Amino acid sequence: MSKILVLPGDGIGKEIVAQALKVIDSLNANNNLGMNLVHGLIGGSAYDETGSPLPQETLKVAKECDSILLGAVGGHQWEALDRPLRPERGLLGLRAEMDLFSNLRPAILYPQLAAASSLKEEIVSGLDLMIVRELVGGIYFGEPRGIEVKDGQRFGINSATYFESEIARIGHSAFQIAQKRDKRVCSVDKANVLEVCELWREVMEEVSKDYPDVELSHIYVDNAAMQLVKAPKQFDVMVTSNLFGDVLSDCAAMLTGSIGMLPSASLNKDNFGMYEPIHGSAPDIAGKDIANPLATILSVAMMLRYSLNQTDLADKIEAAVNTVLDQGYRTGDIAADGDTAIGTEEMGDRVVAALK
Ligand code: NAD
């Protein structure tokens, strides 16, 4: 029996996670899923209850579990807190503590939603891209960092740093995923300007020798951004650093029409994973029963595929989402002109009905 820590977090987090839990309950009852759930606190709601956005209890339970299902963190009411107390620090801390270095962000365009993309249908139709982002290193964590006074004026500093071992392990992650897909890895860097990227490129070449069946190419990040909106279907797996991956994966997400459709996984070396939608806590729509829960439901499918080795049930969830889209049900963010949107709760119920 697998043990999963459920962290709904803030904003729409509670509403969308509730829908994913309906799916888990249904699979537990009807498909021998065997998933045991424990609930915990993170983010702003954890700060309000315990004074910390990442309580020790959450960390302790996480270490006893097989995976984590997370909603989202953040909200305006916590923006004035000191930086270490802010909700986002709880999430960054959890990723770092569990050493979740490999962030998988698929960008898949469901054919039923091709019209929701901002790009022409022929450019995006059939898109199935996986961005593999290094998540616990690079400029987001590098030292020195801070704002100081130098030569009589304020001076801001962050440091882009990578050890070769950090690059190699994300490289292996990307190549192994490519082996299960179209066997092509494109590594994104800025090696023409940054030494840290020169090392990135060298190490990717070294890692590629272990995967003769996978083709490796390199692209500069500025060109990658351009190619993603010009001809995104040329890519299979893209692997990149923390900062570049943050930006490019949001760009890729929008190719698919809505941020509300896309799940993500963050894995450590033992395939322990944290699974969450790529979007944030959306305070503008929280509590209104209009958030799209599909990214969170699809995060459960990713958990079954990447951490729990229950691929058949992952397929079942993805098929149920497809069925619901085929039936024409849409939340507001993916509804086309003339569609009647359904709410968060109803979308959860529709997926559960399609599972049966
Ligand atoms: P956001 O992703 O929360 O929202 C961006 C836009 O997308 C909003 O208009 C929102 O209404 C919409 N949206 C997001 N998810 C949706 C869904 N499931 N269904 C329908 N529409 C959806 O980003 P933001 O507004 O920049 O940030 C809000 C808060 O979330 C901030 O506090 C930010 O720090 C936090 N955040 C958290 C995470 C995370 O928990 N992983 C990620 C990004 C942002």
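This tour moves through a predicted model, from a pair of strands to the ligand, the largest pocket and a cavity.

**First stop: the strands at the start of the chain**

Select residues 2–9, which form strand β1, together with residues 35–39, which form strand β2. These two strands pair in the parallel sense, and 5 bridges join them. To see how they line up, display Ser2 and Met35: Ser2 stands opposite Met35 in β2. Next, add residues 13–30, helix α1. With this helix in view, β1, α1 and β2 can be followed as a β-α-β unit, and the unit is right-handed.

**Second stop: the ligand**

Select the ligand and the residues around it, of which there are 20. Which of them come nearest? They are Val73, Glu88, Gly280, Ala282 and Asn292.

Three polar approaches may then be examined in turn. Begin with Glu88, where an N or O atom of the side chain is 2.4 Å from an oxygen atom of the ligand. Turn next to Glu276; here an N or O atom of the side chain is 3.3 Å from a nitrogen atom of the ligand. Finally, show the backbone of Ser281, which places an N or O atom 3.1 Å from an oxygen atom of the ligand.

**Third stop: the largest pocket**

Keep Glu88 selected and turn to the largest pocket, whose volume is about 820 Å³. Glu88 is among the lining residues closest to the centre of this pocket, along with Leu92, Arg95, Tyr140 and Asp246. The lining comprises 32 residues. Colour the elements that give two or more residues to it: α4 (87–97), β4, β6 (146–150), α9, β11 (263–267) and β12 (273–277). Which element gives the most? It is α4, with 6 residues. Colouring the lining by class shows 12 nonpolar, 9 polar and 11 charged residues.

**Last stop: the cavity**

Rolling a probe the size of a water molecule over the atoms shows where empty space is left. The structure holds 1 cavity of 30 Å³ or more, and the volume of the largest cavity is about 40 Å³. To find it, select Arg105, Pro106, Ala107, Ile131, Ser249, Ala252, Ala253, Leu262 and Ile278, the residues of its lining. Two elements, β4 (102–108) and α9 (242–255), each give two or more residues to this lining; β4 and α9 were also coloured at the largest pocket. By class, the cavity lining divides into 7 nonpolar residues, 1 polar and 1 charged.

How values were computed. Residues are numbered from 1 along each chain as its sequence is written. This is a predicted model: local features need pLDDT of at least 70, side-chain atom pairs count only at pLDDT 80 or more; totals for chains, interfaces and linings use all residues. Side-chain values use heavy atoms; hydrogens and water are left out. On a 1 Å grid over the protein atoms alone, a cavity is a set of points where a 1.4 Å probe fits but cannot get out, and a pocket is an open set with protein on both sides within 12 Å along at least five of seven lines; lining residues have an atom within 4 Å of a point. Grid points are joined across faces, edges and corners, and a volume is the space filled by probe spheres set on the points. Helices (H or I, at least four residues) and strands (E, at least two) are DSSP runs, numbered from the N terminus. Ala, Val, Leu, Ile, Met, Phe, Trp, Tyr, Cys and Pro count as nonpolar, Asp, Glu, Lys and Arg as charged, and the others, Gly among them, as polar. Two strands pair if DSSP finds at least two bridges between them. A crossover is right-handed if, with the strands pointing away from the viewer, the path from the first strand over the helix to the second runs clockwise. A residue is near a molecule or strand if one of its heavy atoms lies within 4 Å of it. A polar contact is a pair of N or O atoms within 3.5 Å; within protein, one must be able to donate a hydrogen and the other to accept it, and residues adjacent in sequence count only if both atoms are side-chain atoms.
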